[in-house]
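Trainee: I would like to look closely at one strand and understand where its side chains go and what surrounds it. Could you take me through that slowly, and then widen the view to the rest?

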Amino acid sequence: MTGALIDLFGWSYALASFLLWIGAQLLGLGNWISLQLGAPSPGPLEGMIGFVTGAPLTSLVAIILAINILLLWATAFHLLIVMWIERKMYSRLQDRRGIMLGLGSSEILRNTLGRIPLIGRPFRKASHLGTGFLQTVADGVKLFQKEVITPASADKWMFHAAPVMIAASTLFLFIAIPWSDGFWIMGSRLPNGDVVNPWGVLVILGAFSVAPLSILIAGWASNNKYTLLGGMRAAAQLMSYEIPMVLSIIALVVFAGTLDPFQLVRQQSAPLTFGLGPFGTVQIPWLPNWYIFNPILWIAFVVFFITVIAEAERIPFDIPEAEAELVEGWTTEYSGMRFGIVFGFKWLRAIAGAALIAILFLGGWSGPVFAQVWIPNIASPGNLWPIPILPQEFWFTLKIYAIFVVFVWIGWSVPRVRIDQILNIGWKRLLPLSLLAILLATLARGMGWF
Amino acid sequence: MDLEVVAFLILSGLEVGAAVMTVTAKKLVHNVFWLAVTLITIAGIYLLFLAEFVAWIQIIVYAGAVPVLFLFGIMLTRRKIMEEPHESQ
Amino acid sequence: MAEMWINMGPQHPMTHGLWNLRIKVDGETIVDAEPEIGYLHRGYEKIMEVREFQKNVVLTDRLCYVSSITWSHCYCLACEAAMDLDVPERGKYLRVVSNELQRIASHLMWLAAYGPDLGLLTALLWALRERELFLDLLQLITGARMNQNYPRIGGVRNDAPGDFEKYCAKVIGHFRKKLGEHEKVFEQSKLFQVRIDLRKLDPYDAYPEMDFQPAVEQEGDSYARYKVRVEEMKTSCDIILQALHKMPTGPYRVKPPRRIEGEGFRRTEDSRGEALFYVIGDGDDRPYRVKIRSPVFSNIAAAPLMMRGNKVADVVAIMGSIDVCVGEMDK
Amino acid sequence: MGIEGEVLAGLKDRFGEPSFRSLAIVRDRVVKIVIDRKDLVAVCTFLKSKFDMAHLSSIAAVDWRDHFESVYHLTSWSRNFMVQINAWIPHDDPHIDSVVPLWNGANVHEREAYDLMGIIYDGHPNLTRILLPKDFEFFPLRKDFPQEVDRQYVSRRKIGGG
């Protein structure tokens, strides 16, 4: 097991105390001025200064900061990278280069920033051979500038409430998903240093399950036949895929005995071990104990992988927004940043799904540690803190991106599946498979095998 | 006053309000929306009682699935589900 | 759920042009369908009555912009039937070659459009990549990539360049390999059509001398239509190579008479089905009446029959497999 | 005697020589007959049952100024031959029986002929305009429908020719 790079609460606490210290200095300055002007000591702002620098307020600000840092990390950072990966990746599948705009492509930048000596270098070369990374940012800016149009016959209140519900439930996912041993919001640290969050996976599932309702509301509130059909399809699809999803997780939980993501990852970072009942155990030291290598749980993995693709409405299962027949499905009537929210948050759900796959089956953030450096901790100066060269966040991000690349790969090489076929797959194939996985996992647990 | 009591009062107030809206709202989807709000606030109250497991199950089963099932059931049986725009001819 | 009418068109990703398919759905199942066409009606038959016979070739090119040569070819054949005109052998062979090149390009365009219909955007770019090669060949022989204006009454406009056969062989060799890749990425659902190849039944031009098996499928659903088109592309490759191999030397065009007294009609195997031109001349240098029979126009009439009982998601698969070209449908 | 002679003989046998305005072999495997409108359905039924004319390729309407013609191109896939039937319709009474009961495919072709030429097919299930707008009042393919292009074309030729 490697160490984490980020101790989110420690960092947030240090940052919060710094910010509040600045505030306290300002207050102290004001107090000094008023004292000079003849106010009676101990000064009118003395209590205020004490309140600002007190522990409860610092903790509150630290928590708010931590939530913001985590959401910013998930949305702004990973969303942009994942969108870029997808666009580049499917462009390669289609035998083209995809987005290519670079800093040198902009004539304005070339003529302004490019003129500056030394730092203007990247802007100076007139070329369209960039990486195109900022294209997604530009698309976001474009969506921000667009007018939000509300259809005349739409149910206005619900029409605007639906994107909020989608955004809220999706962001709630990221509250519950830990990124490493130190980079988490929901959980608590035990005295021995381990982090626990007993119902973590359950919380993630709960956040996933609110989506169908908001999608159905969005489709209905637009008062458009395309959106209504798309909303019905989306709700039917998400509802029916939630059941195999939960059941396959139950198989895993029966086997692993915990719903705690931290505990799951800790169990998976040991060497691969099979219990063979009366024949003792077999250990393969060069493989980690990932549940995907388990002879039973890989059934649950297959089911879970497919259901995550369906939950994220990615291409083989993107019939809710089948653009050839339903124009854009339940998002047809949304425009401007409303569309940006419902569109971008689908990617976020895919990221969350990939993170869940990584945590449950692929060992989460565990990975080989090659070397460590010791640096002073920002939160508690004076303590040296081991920082691995390849920290946990790196491994976790790598796994998420790899899973996402598989999503893209599948998504852009198969046509979409019709709605009744989707439901058939869900109810007639995945549901029995997940039940089989539960049965086998229970048996194996009871007999002490695997 | 204790913070927990404040949270309980807010949640229960929301819940009662949403329950009233569930009964009185005119449109089907509004009813279901308020029903979901009611169920989610109940989950919040469970959380206050430190019954975490029940709270999350409440959200998965009741807030996530039951309103959608209601909506499906009613949408698939009712004759008219959306306002037709005025026919031009 | 209550039954409701849904407009798929006139501005809709499914339509590939400007027409409207109204479908009546009960939940996801289609109860009834009703095509509404005519948005692109340009009055071709009336316009052609005031232009000279030879000049109408330009118009017939524009009937369908993805398969221009097949249409002007059919028109030239009808005029020749009315004139009792014999085309020189080399002209016939050149027509066959250009026709089949155009057919492959048209089918690839259809494949490109069909991919996104089924949610497979990758197929679009792959098919367009291959189509580019055939457009290059067409450019080599006719000088244009679109609306080639190549067939003439009495032959073709110009001869093929000297090393044309070499380029064709190269492109077709490459294409045959790539077609296998395309076949791997497709699959889909059901309905009916009978396929009859006029190139065999009612042979025209140099087709009697060609040795090929028309592509026929028994099922008649969308998947069968897809397979027929892919088989047709392979057949076309064979025909092109054969025609180039057997091509005689000599003149490729004769001068036709300016005026027609009488009438004539010819049918050809267009990229999309049976095309028929019926030309009447009253002794003037302009046609008295031209009738265009478009295969898409007839096929679209069968839309209600094909739709009923299928799912909404099948609409795109079914209408896409017909290969709707609004230009020739609305005339 | 090829299939063409067989068809002609069969038609003469069944209906008698005088009911046809003309009977001719156009080219290999193509026969052309000209009839009056009253015989149309009988002739078509006969051809369909006797010679298996399963396919109606197209219906064209022609305005000959003194009369209309409704031209049917029929195909028999099994016997592999075609028949072109020209049915005469008087100019002042453009009515003719519909062949939709025989060939469903005639539906759109008859609608098109009605739309552009104004020939009314009696017995058609839904004889409305198909290509032109529903409220269009004229039948543009008739020879008395003025064509603007005509004027432009003539003047341009005059200017060019001097």
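Trainee: Along strand β2 (residues 30-36) of chain D, which side chains are buried, and which ones point to the other face and are not?

Mentor: Before the answer, please keep in mind that this is a predicted model, in which local features need pLDDT of at least 70 and side-chain atom pairs count only at pLDDT 80 or more, while totals for chains, interfaces and linings use all residues. Residues are numbered from 1 along each chain as its sequence is written, and chains are lettered from A and ligands numbered from 1 in the order in which they are written.

In β2(D) the side chains alternate, with D:V31, D:I33 and D:I35 buried on one face, whereas D:V30, D:K32, D:V34 and D:D36 point to the other face and are not buried. A residue is called buried if 20 or more other C-beta atoms, placed from the backbone, lie within 10 Å of its own, exposed if 12 or fewer do, and partly exposed in between. A strand is a DSSP run of E with at least two residues, a helix is a run of H or I with at least four, and both are numbered from the N terminus.

The strand has partners that can be followed one after another (two strands pair if DSSP finds at least two bridges between them). Strand β1 (residues 20-27) of chain D runs antiparallel to β2(D) and is joined to it by six bridges, and in one of these pairings D:A24 of β1(D) has D:K32 of β2(D) as its bridge partner. You will recognise D:K32 as a residue of the face that is not buried. The two strands form a hairpin with two residues between them, and D:R29 in the turn has a positive phi of about 65°. Strand β5 (residues 81-90) of chain D pairs with β2(D) in the parallel sense over seven bridges. Here D:I35, which belongs to the buried set, stands opposite D:A87 of β5(D).

A sheet in chain C may help you practise reading the same kind of pairing. This open sheet has three strands in the order β6-β7-β8, paired in the antiparallel sense, and its edge strands, each pairing on one side only, are β6 (261-270) and β8 (287-293) of chain C. Strand β7 (residues 273-282) of chain C is antiparallel to β8(C), with six bridges between the two, and C:G281 has C:P287 of β8(C) as its bridge partner. Helix α3 (residues 68-83) of chain C lies across β6 and β7 of chain C.

In the same spirit, C:Y39 lets you look at one residue of a loop, for its place is between β3 (29-36) and α1 (44-48) of chain C. C:Y39 counts as partly exposed because 16 C-beta neighbours lie inside 10 Å. Leaving aside its neighbours within four places in sequence, C:Y39 is in contact with C:P10, C:L18, C:W19 and C:D330, where contact means that the C-beta atoms of two residues, placed from the backbone, lie within 7 Å. By comparison, the C-alpha atoms of C:Y39 and C:D270 are separated by 23 Å, and these residues are 231 residues apart along the chain.

Finally, the chains can be considered together. Four pairs of chains touch, and among them the pair of chains A and C has the most contacts. Chain A brings 21 residues to that contact and chain C brings 24 residues, and on the side of chain A the elements that give two or more residues are α10 (225-256) and α15 (419-447) of chain A. Chain A also meets chain B, with 19 residues of chain A in contact with 18 residues of chain B. On this side of chain A, α8 (200-209), α9 (211-221) and α10 of chain A each give two or more residues, and α9(A) supplies the largest share, six residues. Within chain B, helix α1 (residues 3-24) has 22 residues and is hardly covered, with a count of one buried residue.

Chain D, where we began, has no contact with chain A, and the closest C-alpha atoms of that pair lie 24 Å apart. Chain D has no contact with chain B either, and there the closest C-alpha atoms lie 13 Å apart.

Definitions and conventions:
Axes fitted to C-alpha atoms, helices over the stretch in contact; angles between N-to-C directions. Expected span 1.5 Å × (residues − 1).
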